[in-house]
Amino acid sequence: MKFTLNSKVILKGLKSGTERQIRKLLTMQNPAYVDAVKMDRYTGNLKPELAFYRNTPDGLICPRGAAAKLFGLCRRCGETIEVIDRRQELDPVEFTFNGTLRTLQADAVADVLKRDHGTLSAPTG
């Protein structure tokens, strides 16, 4: 199977059992629908579930943030994985930081720098 990374994850050639497990992993109850049912409100404009994938002719398209979980799931399901890395790589940019990080913030920065994607929020105050 092909595991393509760009701004999203594209999975092509999955076994049917693997695809079923991925769909289950990336589907959740719609909280707005659940709340409307509890309050006995109209639900005709709400989907009962939210699916965070799309099935296209190019394959199953999933959020890039789920890449590690998807890769692990594919391995556990016995998929033969061909990784195609098409993530955009930009030239490095130098920044100057003129502040002092607290210990927890410095630890968080060190942790996030070990990863290849993500966002760190370390507010002051």
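**Exercise 1. The start of helix α2**

Find the residue that caps the N-terminal end of helix α2 in this predicted model, and say which atoms are involved.

*Solution.*
Step 1. Locate the helix: α2 covers residues 31-38.
Step 2. Look at asparagine 30, which caps the N-terminal end of α2.
Step 3. Check the atoms. A side-chain oxygen of asparagine 30 lies 3.0 Å from the backbone nitrogen of alanine 32.
Step 4. Now look past the helix. Aspartate 40 follows α2, and its phi is positive, near 55 degrees.

**Exercise 2. Tyrosine 33**

Decide whether tyrosine 33 is buried, partly exposed or exposed, and list what it touches.

*Solution.*
Step 1. Place the residue: tyrosine 33 sits in helix α2.
Step 2. Take its relative accessibility, which is 23%.
Step 3. Apply the cut-offs. Buried means under 20%, and exposed means over 50%. Tyrosine 33 therefore counts as partly exposed.
Step 4. Set aside residues up to four places away in sequence; tyrosine 33 then touches Thr43, Leu46, Lys47 and Pro48.
Step 5. Compare with arginine 86. Tyrosine 33 and arginine 86 are 53 residues apart in sequence, and their C-alpha atoms are 37 Å apart in space.

**Exercise 3. Threonine 18**

Classify threonine 18 as buried or exposed, then find the partner of its side chain in a polar contact.

*Solution.*
Step 1. Place the residue: threonine 18 belongs to helix α1, residues 16-25.
Step 2. Read its relative accessibility: 2%. Buried means under 20%, so threonine 18 counts as buried.
Step 3. List its contacts, leaving aside neighbours within four places in sequence. They are Leu73, Cys74, Cys77 and Glu79.
Step 4. Pick out glutamate 79. Its side chain and that of threonine 18 are joined by a polar contact of 2.7 Å.

**Exercise 4. The whole chain**

Describe the order of helices and strands, and explain why the protein is said to be more spread out than a compact globule.

*Solution.*
Step 1. Count the elements: four helices and seven strands.
Step 2. Read them along the sequence: β-β-α-β-α-β-β-β-α-β-α.
Step 3. Compare two values. The radius of gyration is 20 Å, while the globule rule gives 14 Å for 125 residues. The value is well over the rule, so the protein is more spread out than a compact globule.
Step 4. Add the spans. Along its principal axes, the C-alpha trace covers about 50 × 45 × 25 Å.
Step 5. Add burial: 22% of the 125 residues count as buried.

Note on methods:
Residues numbered from 1 in each chain as written. Predicted model: local features only at pLDDT ≥ 70, side-chain atom pairs only at ≥ 80, totals over all residues. Heavy atoms only, no water. Helix = DSSP H or I, 4+ residues; strand = E, 2+ residues; numbered from the N terminus. Rg over C-alpha atoms; globule rule 2.2 N^0.38 Å. Buried < 20%, exposed > 50% of the residue type's maximum accessible area, 1.4 Å probe, protein only. Polar contact = N/O pair within 3.5 Å; in protein donor to acceptor, adjacent residues only side chain to side chain. Contact = heavy atoms within 4.5 Å.
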